[in-house]
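Here are some notes for a colleague to read alongside the structure. They deal with the sheet and its helices, and then with the salt bridges.

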2 protein chains.
Amino acid sequence: MTKTVAVIGGTGNEGPGLALRWAKSGQYHVIIGSRQQEKAERVAAELNARLGRDLIRGMVNPNAAAAADLAVLTVPYSAHLPTLESIQAGLTGKILIDVTVPLQPPKVSYVKIPPGGSATAEAQALLGNEVRVVAAFQNVGAAHLDDPDRPIDCDVLVCGDDKEAKAEAIALAVAAGMRGLDAGPLQNAVVVEGLTAMLIGINIRYKVKGSGIRITGLK
Amino acid sequence: MTKTVAVIGGTGNEGPGLALRWAKSGQYHVIIGSRQQEKAERVAAELNARLGRDLIRGMVNPNAAAAADLAVLTVPYSAHLPTLESIQAGLTGKILIDVTVPLQPPKVSYVKIPPGGSATAEAQALLGNEVRVVAAFQNVGAAHLDDPDRPIDCDVLVCGDDKEAKAEAIALAVAAGMRGLDAGPLQNAVVVEGLTAMLIGINIRYKVKGSGIRITGLK
């Protein structure tokens, strides 16, 4: 059975590109979630126009989470906890893939560790044992995602404490045209999240738009 | 004038390979430091035999630091603070490149953040403003370093608060056959150090010996 993936906060920078790639893969039903129904529907319609097919639906975040098998959270850190609270009821028994990076404006290129250890750990703490949370997709630049035919020279590092949940995130990475790697327990999410701040700094210092990361030495 | 680099704790896993590469580059005078004079001299002699020339000297750590322009610290985390205390007097006005990774045996593939934020930050706090500390070389597997003719598919991420010190570390990376990248302030060292624990886990999970990291998307 084709699984349904909801991109919560899916009208931002990262969400539309991921939704587009998952819809285009033919492997998932895709929902774009937003705080506003109208905005969700508008972005879904724009993406469907680009796909030439009506593959993506738009819903308010709580409904998107409730209708999905897998939820992917792509919101700024300032909206992280309120968004999680708004979707919690629909997530019971499901997997949440947290893409949130705890950036600290205005110094967004400085690694900042949030009080809970990582954004992903904070999500897991809030949602409790009924939801399996994994970290993934933080290091992929939005510019790369947005063109679904463009190869992405970036690995997706997946951290979490549940093997099945990590396997789902790795499958989503592959469906989006990337390599997904098991990067260890949820405790390691601090590094994957922090890498994004470091990559933002590298973008600025080396005058590029979307630096990324590759793990070398694998067979 | 040719600068002298001392590899403090240079008889361990990472030190000899780095010393060999820096000596072979012809760009540095190289000293191997150890707690024991005899051991330092023995490892220096072994490396000189491999080089076919007497390019590397062996000294006890405090003397190595005092005789060097640049010190590179490659010790296990358990020896980090005592080694720093033993070399502090010789480091005044100099640059220390800290390679130490705060691994937490037996769970060495779990990212563990030390009390001071990172090993490098702890070194900077101990040494004070008289020594400029940068983080570098944590992610390069010892197996890769040991053959000086082998190309290494790994970048050296350099974090620190002093531009000149970072430039010295980047030059050392290049002399050792790698690309060195300015990865931001000292605050970002937590990520570079934590990556090593993640890479150890990837080595175990994907059955390889020396996974590494590359930054993609640069010109």
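**Notes on the predicted model**

1. Asp155(A) is buried, with a relative accessible area of 1%. This value, like the others below, comes from a predicted model. The side chain of Asp155(A) forms a salt bridge with Arg179(A), in which the closest N and O atoms are 2.8 Å apart. Because Arg179(A) belongs to strand S8 (residues 179-182) of chain A and Asp155(A) to strand S7 of chain A, the pair ties together parts that are 24 residues apart in sequence. Arg179(A), for its part, is partly exposed, with a relative accessible area of 29%.

2. A further salt bridge in chain A joins the side chains of Asp153(A) and Arg214(A), at 2.7 Å from N to O. Asp153(A) sits in the loop between helix H6 (142-146) and strand S7 (155-160) of chain A, and Arg214(A) sits in strand S9 (residues 212-216) of chain A, so this pair ties together parts that are 61 residues apart in sequence. Asp153(A) is partly exposed, with a relative accessible area of 44%, and Arg214(A) is also partly exposed, with a value of 24%.

3. In chain B, Arg214(B) forms a salt bridge with Asp155(B), the closest N and O atoms lying 2.8 Å apart. The two residues come from distant parts of the chain, Arg214(B) from strand S9 (residues 212-216) and Asp155(B) from strand S7 (residues 155-160), 59 residues apart. Arg214(B) is partly exposed, with a relative accessible area of 24%, whereas Asp155(B) is buried, at 0%. Returning to chain A, salt bridges that share partners join Asp153(A), Asp155(A), Arg179(A) and Arg214(A) into one network. Over all chains, the count comes to 22 salt bridges.

4. How are the eight strands of the open sheet in chain B ordered? The order is S3-S2-S1-S4-S5-S6-S7-S8, and the pairing is mixed. Strand S3 (56-60) and strand S8 (179-182) of chain B are the edge strands, each pairing on one side only, and the twist averages 25° from one strand to the next.

5. Within this sheet, strand S5 (residues 95-98) and strand S6 (residues 132-135) of chain B run parallel and are joined by four bridges. One residue pair to look up is Asp98(B), whose bridge partner in S6(B) is Ala135(B).

6. Two helices of chain B may be viewed against these strands. Helix H1 (residues 15-25) of chain B lies across strand S1 (3-8), strand S2 (28-34), S3 and strand S4 (70-73) of chain B, and runs at about 160° to S2(B). Helix H2 (residues 37-51) of chain B lies across S2 and S3 of chain B, and runs at about 170° to S3(B).

Definitions and conventions:
Residues are numbered from 1 along each chain as its sequence is written. Chains are lettered from A and ligands numbered from 1 in the order in which they are written. This is a predicted model: local features need pLDDT of at least 70, side-chain atom pairs count only at pLDDT 80 or more; totals for chains, interfaces and linings use all residues. Side-chain values use heavy atoms; hydrogens and water are left out. Two strands pair if DSSP finds at least two bridges between them. Axes are lines fitted to C-alpha atoms, for helices over the stretch in contact, and angles run from 0 to 180 degrees between N-to-C directions. Contact means heavy atoms within 4.5 Å. A salt bridge is a side-chain nitrogen of Lys or Arg within 4 Å of a carboxyl oxygen of Asp or Glu. Buried means under 20% relative accessible area, exposed over 50%, partly exposed in between (1.4 Å probe, protein chains only).
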